[in-house]
Amino acid sequence: MSAQDPLVIFTPSGKRGRFPTGTPVLTAARQLGVDLDSVCGGRGICSKCQVAPAFGEFSKHGVTVAKDALSEWNAVEARYDEKRGLKPGRRLGCQATIQSDIVIDVPPESQVHRQVVRKAATERVIEMDPATRLLLVDVAEPDMHDPSGDLQRLKAALHAAWQVELGDLPLPLLAKLQPVLRKGGWQVTCAIFQPADGPVQLLDIWPGYFEGPLYGLAIDLGSTTMAAHLCDLATGTVLASSGLMNPQIRFGEDLMSRVSYAMMNPGGDAEMTTAVREALNQLAGEIAQEAEIDPRLIVETVFVCNPVMHHLLLGIDPVELGQAPFALATSDSLSLFASELGMDAIHPQARSYILPCIAGHVGADAAAVALSEAPGEQDDLTLVIDVGTNAEILLGNRSRVLACSSPTGPAFEGAQISSGQRAAPGAIERIEIDPETKAPRFRVIGCDLWSDDPGFDAATAVTGITGICGSGIIEAVAEMRMTGLLDASGLIGSAEQTGTSRCEADGRTHSYLVHDGSADGGPRITVTQGDIRAIQLAKSALYAGARLLMDEMGVDTVDRVVLAGAFGAHISPKHAMVLGMIPDAPLNKVTSAGNAAGTGARIALLNRASRKEIETVVRQITKVETAIEPRFQEHFVAANALPHASDPFPNLSALVPLPDLSFNTGGGDGSDGGRRRRRRRG
Ligand code: FES
């Protein structure tokens, strides 16, 4: 190229260079390292190389672009436009050639490494760099005088056109190769799996040009629920998200009861492996149906899960995880065939990637949260809590990241709660209690009105009011504490102590009536003393885990708290702090990250470099085992009070004065004492 050659400027990258007249735009883009997609290698078949030339005066770039700066619309473009339609102003980069100075925009859908904005508060982006790509190649025909196998010529063609070094073929693909090559007239599309390291593999082959798309599943395999996102591997778009209850619940609600089931019952581990694999196949089938795609086009899966689920998914007896020193079979990431995990509802050659585990009790789900929330890249000391049956807790900043896992149990997910239920239409998800009348108003999932708004009854007639979900129970307990229905030790007061008949005697304890639908055949929804105890146990485990990491870090406060987890997004920070689920922090520094483990799985699915990244990050994380740490028990006991027996909550006190009362009549605080002793703090 010379100084007289036309100047080509690509946007948005800003990359520029001079190229001889007649150079195809795709060639110029490749030489400059501009991210412009191509599946057909410039044959005018795939249309992935679409660009948008810009004409006129560009003072910013110092160029004037003439109307004829690109070659005339050619027959290939005309044919494509006629058959499939090109957006106005678009050209095919492999067909249009450079005639004079030109500014060319590469639209996001033509970029291989396009960025996908996460639908979360933090708006982080995922850069597309999937391990699986479609490539079109022309394979040389066999020649009597130069004998070679069809596979050898396919390998040579992939190397010449795409610099891909293909490894060996699995037998089913080898068996398919010859008819496909001949049917395609020696032109075939290959689905190539190219990890950041390791051999390149052929996943499938189609005669001629196969447009795809190919899909991947990002799966968050939790103890109680399993959730999957179906993603387009070329665009990163989430086509459908779906969830199922983990069928292993019938073997035990929490992880340790599943480990003991495996210990007590010969073959119990295999039974649980079969159950989870069957459910995964069902989930894959359902999500494909929902998105109306062929499940055989799902060619990749990524799993994040806790260590026990990890072992049970892999068909490894989790017995070692039930006892110190909690040795994992392997803590490294795993890359294998999905069929090895019994996933036969998807493509037979589909690949599976399982994120690395951090330690015996801190799994690949915590690694996924680390990938998604990146506490190690923050200046602020950030506490990330992924709330679930087992809570994954990370604390860190640029200097250091610590991680632990804490057995919260399923109470936060509405289990073990008398009126608890899954977050589904009809479940109470928000609740407010009037400080004077002690009457509640609430909202249910599926209706935007509050229960005291006109039209609420009609709006909820179909779903009914069926129970309380996880976020609802957290708000209910916190509101009860704020309005003096519950004392700091977690005791519900009597009708006399609280001044409301909604506090009903329930055996030797009391319950608070939230909603009575019995007249219409609906449930009576109450918060019982047992519910309060279940929430206290769960929140104490959560707080004790966080506190243990803070001890290890040598701090008493954190700068930021991120609540993650399937329902983390729905937890009100204020109510979480009233309960003492999380350490005291300025409320505007407590944010929700949605399903961070699921997002981490999606990042790993769509960006192969992120797999390397998390494998490195995990090795640098300091693991803290809550199960063997004596201080965990101390912290757990102190955290039983609402919000806490000894740790100060200055930010909370300044915002929400909590009544100072005790309903423990055995301790000398009589029935009227609670109300008299109430005073404002903070
Ligand atoms: S590269 Fe395939 S149409 Fe241009």
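**Exercise 1.** Determine how many residues of helix α14 (residues 596-606) are buried and what follows for the helix.

Solution. Eleven of the eleven residues of α14 are buried, so the helix is largely enclosed by the rest of the structure. Buried means under 20% relative accessible area, exposed over 50%, and partly exposed in between (1.4 Å probe, protein chains only). Helices (H or I, at least four residues) and strands (E, at least two) are DSSP runs, numbered from the N terminus. Among the buried residues of α14 are R602, I603, L605 and L606.

The model is predicted: local features need pLDDT of at least 70, side-chain atom pairs count only at pLDDT 80 or more, and totals for chains, interfaces and linings use all residues. Residues are numbered from 1 along each chain as its sequence is written, and side-chain values use heavy atoms, with hydrogens and water left out.

**Exercise 2.** State which parts of the model carry low pLDDT.

Solution. Start with the definition: pLDDT is the predictor's confidence in each residue, from 0 to 100. The protein chain has a mean pLDDT of 89, and 95% of its residues reach 70 or more. Over residues 667-682 the pLDDT is below 50, and this stretch has 28 contacts in the model beyond near neighbours in sequence. Contact means heavy atoms within 4.5 Å. Residues 117-123 also have pLDDT under 50, with 13 contacts beyond four places in sequence. Where pLDDT is low, the predicted coordinates should not be read in detail.

**Exercise 3.** Describe the surroundings of strand β1 (residues 7-11) and its partner strands.

Solution. First, burial: five of the five residues of β1 are buried, so the strand is largely enclosed by the rest of the structure. In a regular strand the side chains alternate between the two faces of the sheet. In β1, L7, I9 and T11 lie on one side and V8 and F10 on the other, and both faces are covered.

Second, pairing, which requires that DSSP finds at least two bridges between two strands. With β2 (residues 16-18), β1 pairs in the antiparallel sense over three bridges, and L7 stands opposite R18. The two strands form a hairpin with four residues between them, and G14 in the turn has a positive phi of about 80°. With β7 (residues 102-105), β1 pairs in the parallel sense over four bridges; there, T11 has D105 as its bridge partner.

**Exercise 4.** Compare the burial of the residues in two salt bridges, R91 with E77 and R631 with E552.

Solution. A salt bridge is a side-chain nitrogen of Lys or Arg within 4 Å of a carboxyl oxygen of Asp or Glu. The whole structure has 26 salt bridges.

Take R91 and E77: their side chains meet at 2.8 Å, N to O. The pair links distant parts of the chain, with R91 in strand β6 (residues 91-92) and E77 in helix α2 (residues 75-83), 14 residues apart. R91 is buried at a relative accessible area of 10%, and E77 is buried at 0%.

Now R631 and E552: the closest N and O atoms are 4.0 Å apart. R631 lies in helix α16 and E552 in helix α12 (residues 529-553), so the pair ties together parts that are 79 residues apart in sequence. R631 is partly exposed at 28% relative accessibility, and E552 is partly exposed at 35%. Salt bridges that share partners join R547, D551, E552, D556, E629, R631 and D647 into one network.
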